[in-house]
Structure formats: C-alpha cells, structure tokens
Amino acid sequence: MAWAVFIFYYKNILGKYYVNFARIYFRYEFFITEDCMRKDLLGLEGLSREEIEEILDTAAVMREHLDKGEINLDYAKGVSVVNLFYENSTRTRTSFENAAKFLGANQVNIAVGNSSVAKGESIYDTVKTLESIKNGIVVIRHNMAGAPQYVAKKVNARVINAGDGQHEHPTQALLDMLTMKRHFGKIEGLTVAIIGDIKYSRVARSNIFGLLKMGAKVKLFGIKTLMPKGIEEMGAIVCDSIEQAISGSDVVMGLRIQLERQTSGQFPTIKEYFNEYGITMERMKLANKNAIIMHPAPVNRGVEISGEAVDCEQSRIFDQVTNGLAVRMAIIKLMAEEK
Ligand code: CP
C-alpha cells in the first residue's frame, strides 16, 4: 500500500510519468485489500456474499419502482451526490445521475475538463473541496487503478468506485449479477463465460470476484495477448477456444477490446478478430438452452459481437443498462440510510 500512496502522491509532480506509474502500480494492486461497502463501495473483492445479496435485493425493489414508472421517490432526500468522472462514460455517469434524482437526492456533475482539475488540482484536493461544500457521496471514475481507494481513506464523504483503471468496476458487476438473477432466479450454479479483452477489463475482474462469491462457475476466453498471466489463480477456468467457453454456459458475456489501454501488437485486424473470436448466433448454439447474451457496453458491433447477437431475443444488453440504474439507486439508498 505504501507503493500506492507514493505513486499516487507523486503523479501530480511527475505528470509526464503518470501513465508509466499507473502501470507500475497495477502490478501492486493485487495487494490492495479494501473493506468495501462499509463507508464506501470500492470493489467486490472485499464484499461478503451477504453484502452483495443485500444490494441485489434492494436493487430488485428499485427495479420494481422503475417498471411501475415510480421515479419521484424520497429514499435519499437530503443527501447530495456528486459525479466526478476523469474518464468518458455514458451509462455509468447518467445512471448515477438519474439514480440520485429519482431518489430525491441533490445531484451535481463535475465536468473535469472545466474544473480546477485542469489547473493541476490533485484528486484529493478536489474531493476534499466537494466534501467541504456538503456532498455526502462522491462517485469517482478514474483511469488510475487505486484512485478511489486512495481518496476514500482520506475523506469523510462516502466514495463509490465507478471504475478505476484496470482494477474494478463494482457497480457494473452488481448490475450484471442482478440481470442474471432476474433471468434465472438465482446466481448459484450458473456457468458464466466471459469472452474478450480480459487483460484490460475491470468488468471481468469485478465479475470474477462477485460471481465466484455467489457460487457461479466462471469461464474465461481471450486471445493469448489479452489474457493476463495467472488469472486462473482467481478461481476462474481459462478456456482454449471460444467454442469451449460458450459450450454449456448459461451466460455469455462479451467484452469490448480496450484499444485505449493497449500497447501495440496485441490485436489482429478487426475482421480476423471477429471471424475467430466474435460472439455470433451460430456460436451461441453451443450455449445452454435459455442462455443469455450480456455485454457491459459500449458494444463494438462486428468486432467482439455481431449486431444480430446484440439485438436478438437472448440479448439482455439494454436490460443491463436499466438494471444499472436500479443497482445505483440501491447503493445510494443503502448509503443514505446510514448517513
Ligand atoms: N459499462 C460502462 O461502464 O459503460 P460507460 O463507460 O458508458 O459508463
């Protein structure tokens, strides 16, 4: 942890080494063991099965409200939630925004490019400032693994991790589990195949932590350059082909190729990739009866998944987005109850 603090503290001074430092830090992130949904929600690694179940049960109630068109609720009246996104987002940012509004909370979005971050303000000073103007919950997305964890230790405001580098994306995995639970009525005993860019995926890591705790089996497949060494030590099964991964699976989850996080030479042409490794209707015939297709999105049609597979009856990709709203409402509600 000392390494994390050292690297993070010096990133403002040694800005040009920022990316390299983030890479170095990533090697150490396996040593981070955070408590999660106590004050903050930082990752699924430290959440217990009971805590995950409590969030999913609350999210199921929130989803019922949404399905009935009940969006003027007061579960978080008097709470202020601020979104601080250092990385692009459509789904996560807007669903946190709507979640806070629908629960009767005050909601603020910080446009990082227009804020004092652009003048060199550190993340700690930014969050401390947001806390000082009475924001009780700060939702943070950052391209550096460990940024929300670092800040959470230093402020009294509750911190929600909306995705930190390649490390974790806890609300995404929770919404994924809610989607599975709503379709199958359970998570225990399911076989979930996660296919694509595993190496750079915080979604894969959070899902592996969460799904294994909930009693599911997790299979992984990606081209060799996009599979991190030693990933099987997390408890997932590494497959040799996409067919092996899909065969006998209840859930087939595609992942976007994260070209923005890759160094060169890790990826063939898009056409080759889709032909060899894309999720298609033909390949989905290998999955279990009643299997569903999932993807955290944004989706690149014709790259990791065919357009037909995105839009087919088995696809839950847009339902996942609604479940994301329900999960974020649940987390804000649970935090508001403990304020
Ligand atoms: N799935 C996900 O995190 O999407 P956004 O990047 O649009 O938030």
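Trainee: Which residues line the largest cavity?
Mentor: Going along the chain, they are Arg 91, Ser 95, Gln 172, Leu 175, His 295, Pro 296, Ile 317, Gln 320, Val 321, Gly 324 and Arg 328. A cavity here is a set of points on a 1 Å grid over the protein atoms alone where a 1.4 Å probe fits but cannot get out, and a lining residue has an atom within 4 Å of a point.

Trainee: What should I know about the model?
Mentor: This model is predicted, so local features need pLDDT of at least 70 and side-chain atom pairs pLDDT 80 or more, while totals for chains, interfaces and linings use all residues. Residues are numbered from 1 along each chain as its sequence is written, and side-chain values use heavy atoms, with hydrogens and water left out.

Trainee: Back to that lining. Which helices each supply at least two residues?
Mentor: Helix H4 (91–102), helix H7 (170–184) and helix H13 (317–337) do. Helices are DSSP runs of H or I with at least four residues, strands are E runs of at least two, and both are numbered from the N terminus.

Trainee: And which one gives the largest share?
Mentor: H13, with five residues of the lining.

Trainee: OK, the ligand. What surrounds it?
Mentor: Ser 89, Thr 90, Arg 91, Thr 92, Arg 141, His 169, Gln 172, Pro 296 and Ala 297, counting residues with a heavy atom within 4 Å. Arg 91, Gln 172 and Pro 296 are also named in the cavity lining.

Trainee: What does the side chain of Ser 89 do there?
Mentor: One of its N or O atoms sits 2.6 Å from an oxygen atom of the ligand. A polar contact means N or O atoms within 3.5 Å. His 169 puts a polar side-chain atom 2.9 Å from a ligand oxygen, and Arg 91 uses a backbone N or O atom, 3.0 Å from a ligand oxygen.

Trainee: Switching topic, how many salt bridges are there?
Mentor: The whole structure has 15, each a side-chain nitrogen of Lys or Arg within 4 Å of a carboxyl oxygen of Asp or Glu. One of them joins Lys 181 to Asp 57, with the closest N and O atoms 3.3 Å apart. Lys 181 is in helix H7 and Asp 57 in helix H3 (residues 49–67), so this pair ties together parts 124 residues apart in sequence.

Trainee: Any backbone oddities? Which peptide bond is cis?
Mentor: Ala 297 to Pro 298, with omega near 5°. Pro 298 is in the loop between strand E9 (292–294) and helix H12 (307–311).

Trainee: What about the phi of Lys 134?
Mentor: Positive, about 70°, although Lys 134 isn't a glycine. Most residues other than glycine have a negative phi. Lys 134 lies in the loop between helix H5 (123–132) and strand E3 (137–142).

Conventions: 1 Å grid on protein atoms, 1.4 Å probe; cavity = no way out; pocket = protein on both sides within 12 Å on 5 of 7 lines; lining within 4 Å. Polar contact = N/O pair within 3.5 Å; in protein donor to acceptor, adjacent residues only side chain to side chain.
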